[in-house]
Amino acid sequence: MSVTVYVPRDAAALALGADATATAVEAEAKRRGEDVHVVRNGSRGMVWLEPLVEVQTPAGRVAYGPVAPEDVPGLFDAGFLTGGDHGLGHGPTDQMAWLKGQERLTFARVGITDPLALDDYLAHAGYRGLKQALELTPAEIVAQVTESGLRGRGGAAFPTGIKWDTVLKAEAPQKYIACNADEGDSGTFSDRMIMEGDPFALIEGMTIAGRAVGATFGYIYVRSEYPHAIRALRSAIDTAREAGWLGNDIRGSGTSFDIDVRVGAGAYICGEETSMLDSLEGKRGMIRPKPPLPAIEGLFGMPTAVNNVVSLASVPIILDRGAKYYADYGVGRSRGTLPIQLAGNLKTPGLVEKAFGVTLRELIEDYGGGTASGRPPRAVQIGGPLGAYFDESHFDLPLDYEELSENLGIVGHGGIVVFDDTVDMAEQARFAMEFCGIESCGKCTPCRVGSTRGTELIEKIMHGEDKSTNHQQLLGLLDVMENASLCALGGMAHLPVMSALRLFPEDFGLEASHVE
Amino acid sequence: MWNEIRGLREGVDYGTPPRQGQPVTLTVDGVEVTVPEGSSVMLAAVEAGRAVPKLCATDMLESFGSCRVCLVEVEGRRGFPASCTLMVAPGMEVRTQSERLTQLRKGVMELYLSDFPEAEIADGWSEFHRTLDDIGIKTHGYGTGRVHFDLPVDDSNPYFLFDPAKCIVCSRCVRACEEVQGTFALTIQGRGFDSKVAASQDDPFMQSECVSCGACIQACPSHALVEKSLFSGGYERA
Amino acid sequence: MKRQMATTRDLDPDLPYDTEAVAGILEHWRDIPGNLMPILHDIQAALGYVPPESVPQIARALNQSRAEVHGVISFYHDFRSAPAGRRILKVCQAESCQAMGSRALTADLEAELGCGLGETTGDGEVTLEPVYCLGLCACSPAVMIGDEPLGRATVAAVTARLAAKGEVNP
């Protein structure tokens with residue numbers, strides 16, 4: 001009787017040595033004559049335990065981690081193939097406190113299945129959403145998604161159903177689904193984990209989207225920094241096509257849909273939807289003015305539903321379990337769950353999927369385990385490089401779109417980056433402007449020139465040069481960038497800078513009274 | 001002649017090309033104006049005698065939305081949309097002048113000034129200089145910083161030259177080369193602050209795909225691309 | 001609008017790059033919408049960079065101008081116009097890694113390798129590049145050697161990995 005041992009293939013697990021661990025497990029089993037079948041699953045999201053090795057026992061899966069190759073013989077000695085006790089053991093995976101309290105809807109399969117095995121996907125509720133969708137009219141699918149309250153998880157939080165409705169109602173000879181997988185925000189990796197850990201969910205979600213809006217072709221625009229995600233997607237797309245889940249007349253339904261993966265080339269701006277469309281067309285990734293909305297005039301001038309990976313991967317469960325099931329999670333106008341990514345200086349960082357409304361303190365202290373350095377946390381950036389910084393006085397804020405917006409911040413793509421008390425917030429503000437400059441497409445002047453001037457002004461303030469004058473000039477610049485920029489890159493760069501100035505004036509050598 | 005064909009008054013730059021369509025009536029600064037559907041607010045403002053300052057827009061080219069000088073306010077709508085890329089709508093109430101708009105326009109012009117040779121400001125007569133006059137700003141508060149003044153002048157073409165120091169990266173030359181002439185000899189090279197107008201693969205103009213048609217010279221608002229005949233004794237940077 | 005394409009030079013057999021490899025890639029992507037990005041990726045994968053001399057060949061195949069192709073190549077930081085070192089070491093410079101010491105790691109790697117970000121070591125072995133997020137933010141600081149990610153990176157771990165992979169180009 002073969003024993004199944006799981007060793008993740010997620011890039012974060014690989015970054016911590018999962019390949020060597022998998023090789024060691026196979027070699028040791030062979031040496032001992034044990035019949036072991038190693039499955040390369042996605043990651044459970046407990047990145048501090050990677051490589052997290054799981055063993056399938058009659059009583060369920062048992063977790064051990066982090067497992068280095070040199071730990072492997074000891075694990076065999078301890079009888080880990082039958083769930084035996086070991087210093088690295090964590091007991092049944094499902095019962096681990098970190099996982100148990102989560103509400104995994106979008107990430108239900110990630111870490112559990114073999115991400116490239118279609119039969120495993122089907123055995124874990126895969127393609128049930130599409131089967132439902134094939135029974136519905138396009139308008140009924142759109143209504144389901146609208147009622148679920150799903151909003152764009154890429155950061156803009158626009159209601160997905162309303163966007164789809166616009167594309168559905170647009171008349172055109174060709175429509176497209178464009179999946180935005182250009183996950184460039186520092187502190188975020190949920191798109192990557194879906195693409196590597198459950199690519200069929202994204203493929204299914206896109207297929208449902210295609211049927212809903214009348215699109216027969218979709219592109220996934222993946223950043224080049226994600227080579228493992230690109231390979232996983234291409235493999236899964238080929239498998240789905242061979243099995244008739246993509247292509248002409250899907251499973252005899254009369255619906256046709258196919259997908260191509262396209263790779264970015266090192267441009268954060270291409271995560272902005274219009275810039276991504278230009279890039280997909282083979283052009284410089286320049287921002288297009290809106291209107292026209294991509295939903296009406298998008299890729300190659302055709303109506304295009306542009307959606308983030310997590311948004312699309314959340315669609316199958318909405319169709320499978322119903323809009324209400326999904327909408328019952330969450331608070332206020334933030335419905336459903338959010339895959340939250342805990343990053344930076346944390347003891348136990350990783351991916352936590354929870355209903356909206358979870359507080360920062362629960363995330364940082366309970367899930368995150370406090371700082372990795374053991375020093376007091378000082379600043380937290382939420383929502384990527386264009387997100388605001390917060391201090392500990394905000395830790396009781398619930399994570400929800402409206403609450404953060406009222407507190408001059410954003411949820412963005414759900415990334416939380418923690419800094420301890422050694423952080424220099426003037427340097428962080430300077431970096432925010434520098435990053436804007438590095439990634440500016442260069443089309444509009446507030447961002448093209450403003451980001452460079454902003455970096456210079458903050459440097460001057462840091463060097464104590466005409467502090468008061470340069471501070472005033474900086475405030476004026478941030479106002480111009482916020483209100484006159486063409487897109488959110490220039491338009492939101494004030495958030496990290498202003499929040500750093502407001503909460504940590506001493507780091508700039510400024511009096512608190514100056515920054516009110 | 002060209003303007004007559006297009007139904008536009010001679011000597012007036014409407015900012016965006018004319019459209020044909022059903023009449024749409026809106027007000028600009030309280031002045032009622034009727035223009036074809038699909039027209040820009042910028043064009044309607046000119047028609048209403050309330051022209052908005054602009055740099056990257058000209059009625060020979062499709063709107064682009066990059067200079068952010070032509071911002072306006074629209075009743076019932078948040079923010080400050082660019083009038084060149086904003087389409088007219090029935091009953092729309094547009095404001096082209098307010099303290100806030102002046103503040104933002106000055107802020108944008110200050111950024112241009114921070115990367116424009118100071119000595120070229122006083123005696124200039126280009127569209128860029130006129131826009132500075134319109135908005136009422138001649139200096140900036142950024143002090144010293146990165147600039148493009150040391151990029152070499154390209155005088156390879158016998159008829160015109162390109163001085164990148166005076167380029168405001170509005171892409172009007174690139175777009176004229178594409179939309180007016182159909183040559184596609186120009187591009188923007190790089191991105192962000194490093195964006196630079198380049199002929200072919202950053203070749204000298206004479207070695208590039210340029211056919212010396214002059215469309216880019218016509219289009220340039222800042223005399224970065226300029227006829228050599230204007231400088232009798234040869235071009236010298238101020 | 002009808003394009004007045006300026007004629008590009010005829011293919012020169014003495015051009016300093018593999019024109020046949022490029023021709024094969026152009027043929028593979030022929031008539032596929034939005035094919036310039038994948039073409040440039042494939043050329044870089046095959047030749048290690050996108051030779052400026054190949055731009056006329058690309059432009060002619062796509063019925064574009066050299067200017068258009070050059071504009072695209074120069075926009076994206078991934079595309080190189082000159083060969084890089086034998087291996088590419090990307091060091092994350094973004095916030096999550098900053099919170100875990102990436103500034104010091106970068107400085108130490110620069111000192112260890114004797115080259116700055118965007119530069120190649122004197123022996124042509126390693127090109128050191130900045131990257132803004134590898135999506136490995138729960139094991140910061142992160143680097144990538146070729147396609148191989150390394151989390152909670154230290155100078156010792158990175159140099160050990162570089163030494164171990166000395167024989168193979170990942």
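**Exercise 1. Find the salt-bridge partner of A:Arg231 in chain C and give the N–O distance.**

Solution. Start with the rule: a side-chain nitrogen of Lys or Arg must lie within 4 Å of a carboxyl oxygen of Asp or Glu. A:Arg231 meets it with C:Asp147, the closest N and O atoms being 3.2 Å apart. Across the interface of chain C and chain A, the rule finds two salt bridges.

A note on the source: this is a predicted model, where local features need pLDDT of at least 70 and side-chain atom pairs count only at pLDDT 80 or more, while totals for chains, interfaces and linings use all residues. Residues are numbered from 1 along each chain as its sequence is written, chains are lettered from A and ligands numbered from 1 in the order in which they are written, and side-chain values use heavy atoms, with hydrogens and water left out.

**Exercise 2. Describe the interface of chain C and chain A: residues, area, polar contacts and composition.**

Solution. Step one, contact (heavy atoms within 4.5 Å). Chain C gives 39 residues and chain A gives 61 residues.

Step two, buried area: the accessible area (1.4 Å probe) that two parts lose on being put together, summed over both. Here that is about 3600 Å², 59% of it on carbon and sulfur atoms. On the chain C side, C:Phe75, C:Glu95 and C:Tyr132 lose the most area to chain A, together 19% of what that side buries.

Step three, polar contacts. These are pairs of N or O atoms within 3.5 Å; within protein, one must be able to donate a hydrogen and the other to accept it, and residues adjacent in sequence count only if both atoms are side-chain atoms. The rule finds 26 residue pairs (both at pLDDT 80 or more).

Step four, composition. Ala, Val, Leu, Ile, Met, Phe, Trp, Tyr, Cys and Pro count as nonpolar, Asp, Glu, Lys and Arg as charged, and the others, Gly among them, as polar. The side of chain C that touches chain A has 24 nonpolar, ten polar and five charged residues.

**Exercise 3. Do the same for chain B and chain C.**

Solution. 20 residues of chain B contact 18 residues of chain C. The two chains bury about 1600 Å², 50% of it on carbon and sulfur atoms. B:Phe184, B:Arg191 and B:Gln201 supply 44% of the area that chain B buries against chain C, more than any other three residues.

Now the pairs. One salt bridge crosses this interface. C:Arg66 forms a salt bridge with B:Asp203, the closest N and O atoms being 2.8 Å apart. Eleven residue pairs are in polar contact (both at pLDDT 80 or more). The side of chain B that touches chain C divides into four nonpolar, ten polar and six charged residues.

**Exercise 4. Which strands stand at the edges of the four-stranded sheet in chain B?**

Solution. Strands (E, at least two residues) are DSSP runs, as are helices (H or I, at least four), numbered from the N terminus. Two strands pair if DSSP finds at least two bridges between them. The open sheet has the order E2-E1-E4-E3 (chain B), with mixed pairing. Strand E2 (31-36) and strand E3 (73-74) of chain B each have a single partner strand, so one side of each is left without a neighbour in the sheet. Strand E1 (residues 23-28) of chain B pairs with E2(B) in the antiparallel sense over six bridges. B:Val28 stands opposite B:Val31 in E2(B).
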